[in-house]
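Student: I would like a close look at how charged side chains pair up here. Please explain the terms as you go, and show me where the pairs sit in the chain.

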Amino acid sequence: MGEKLVVVGQGYVGLPLAMRAVEAGFEVVGIDVDPWRVKRLNAGESYVEDISDDQLTAAQQSGRYLASADYTDAENFDICVITVPTPLAEGAPDLRYIASAGQSIAPFVRPGATVILESTTYPGTTEEYLLPLLEEGSGLRAPEDFLLGYSPERIDPGNARWRLENTPKVVSGIDETSLASVQNFYGRVVREVVPVSSLQVAELCKLLENTFRHVNIALVNELAVFAGQLGIDVWEAIDAASTKPFGYMRFTPGPGVGGHCLPIDPSYLSWKVKRSLGHNFRFVELANDINDHMPDHVVHRLTLALNRRRKPINGSRVLVLGLAYKKNAGDCRESPAIEVARALSKLGAHVRAADPHINDFHLPSCVELVEATRTELARADAVVVLTDHDCFDYELVEQASAFVFDTRNRCRGANVERL
């Protein structure tokens, strides 16, 4: 038998890792506390867009993948990777899922085993928070008895070009032996491994990556607000700036930021700086303020646009295209599109939404899920493009709709107003 790998968490991060590890020859147990997920996985039904039913079925038929809600199935593991969520609770890091995973896996940690955290979190979490839980529950010590590492996830759901296996993987360990073990594991499942000198460097690396995106998206979002007020086409300016071959990186505005990273990860860094150094991370706080208010700006712009057409928002029929936080994915976590839909409903609009990527149970109670048919488009007083899935027929959207408010720059007709 091959080495036994346990992946705690079978979501957008954990399931792709589990599938890739099966392909690399590992005996894999995917632990998830959600019985619905476990049942679907063992039935060969994937709920993650990047993993097809065929891939899942092939993993099961290999005899080297088992989904389970029972931690006893982790017994005698060689490597355990923890990929659980790390949300915010009243602006502070919520580590309860890491705590639960650490406490649950600890009794099965044995001498020579390696535990790796992938969940995004503040610098110091692995050594100061997870390590004591593992040591207390196992009666062992790291690195003397077992090995410990951190490797930030870099999953981008819906990205067909950059997948787990061809995205460079940053790795770290509590000591040189741990680093070597972590590096060896990921070296078998990805093409390029990037070792760094400490756990905290790797933890900060992930926060830096997402804070960089968060701040730059906030910059173009605020620019879009002011450009609109000045009567300047921000999209044309961005296209022009993008022709510069050096010193510029393209970012585009939208209705806000969402998902499991951008609305949350920079706040982990801001919280750590405030707690440890007593300083405010002003860039992060400003970016949070700008991006958090973009759904309100979209609603305001739409309200003004309808008023110009002698239609109040109260009583108007609004069709929203896309509820996921990013295109070609079904993840609705922290989605600004949902915030826009809720806000429109509160103002009295009759809101319908088209999004073939999401499930019904992700839908707000105030929104009816429909298909973006010609009839549905024509019946709407306004069609709002919030998530630019490639599956939408944007030519039909322009032709059939009376008015389109486009936050993603996908439509160009005379009846289109862009963010």
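Tutor: Let's begin with the words helix and strand: both are DSSP runs numbered from the N terminus, a helix (H or I) having at least four residues and a strand (E) at least two. By that rule the chain has 14 helices and 16 strands. What you see is a predicted model, in which local features need pLDDT of at least 70, side-chain atom pairs count only at pLDDT 80 or more, and totals for chains, interfaces and linings use all residues. Residues are numbered from 1 along each chain as its sequence is written, and side-chain values use heavy atoms, with hydrogens and water left out.

Here is the setting for the pairs. The C-alpha atoms fill a box of roughly 70 × 50 × 40 Å along the principal axes. The radius of gyration (over C-alpha atoms, with a globule rule of 2.2 Å times the number of residues to the power 0.38) is 23 Å, which agrees with the value near 22 Å for a compact globule of 419 residues. Of those residues, 55% count as buried; buried means under 20% relative accessible area, exposed over 50%, and partly exposed in between (1.4 Å probe, protein chains only). Contact means heavy atoms within 4.5 Å, and among contacts with a separation of 6 or more, 69% are between residues 24 or more positions apart.

Now to the charges. Lys and Arg count as positive, Asp and Glu as negative, while His and the chain ends are not counted; each charge is placed at NZ of Lys, CZ of Arg, CG of Asp or CD of Glu. The chain has 41 positive and 56 negative charges, and their mean positions are 6 Å apart. Side chains of opposite charge can pair when their charged atoms come close. A salt bridge is a side-chain nitrogen of Lys or Arg within 4 Å of a carboxyl oxygen of Asp or Glu, and the structure holds 23 of them.

Take Arg352 and Glu376 as your main example. Their side chains meet in a salt bridge at 3.6 Å, N to O. Arg352 lies in strand E12 (residues 350-354) and Glu376 in helix H13 (residues 374-379), so the pair ties together parts that are 24 residues apart in sequence. Both ends are covered: Arg352 counts as buried at 17% relative accessibility, and Glu376 is buried at 11%. The pair also has company, since Arg317, Arg352, Glu368 and Glu376 are linked in a network of salt bridges.

Arg342 and Glu339 give you another arrangement. The closest N and O atoms of this salt bridge are 3.5 Å apart. Both residues lie in helix H12 (residues 336-346), 3 residues apart, about one turn of the helix. Arg342 is partly exposed, with a relative accessible area of 39%, and Glu339 is partly exposed too, at 42%.

The pair of Asp94 and Arg96 joins a covered residue to an open one. Their salt bridge has an N to O distance of 2.7 Å. Asp94 is buried at 11% relative accessible area, whereas Arg96 is exposed at 51%. In the sequence, Ala92 sits in strand E6 (residues 92-93) and is partly exposed, with a relative accessible area of 23%. Leaving aside neighbours within four places in sequence, Ala92 is in contact with Pro87 and Trp271. The C-alpha atom of Ala92 is 7.8 Å from that of Ser267, although the two residues are 175 residues apart along the chain.

While you are exploring, stop at a few loops as well. Asn328 lies in the loop between E11 and H12 and has a positive phi, near 60 degrees, in a residue other than glycine. Arg310 also has a positive phi, about 60 degrees, without being a glycine. Arg310 is in the loop between helix H11 (294-308) and strand E11 (317-321) and counts as exposed at 78% relative accessibility. Finally, a cis peptide bond with omega of about 5 degrees joins Ala142 and Pro143, and Pro143 lies in the loop between helix H5 (125-138) and strand E8 (147-150).
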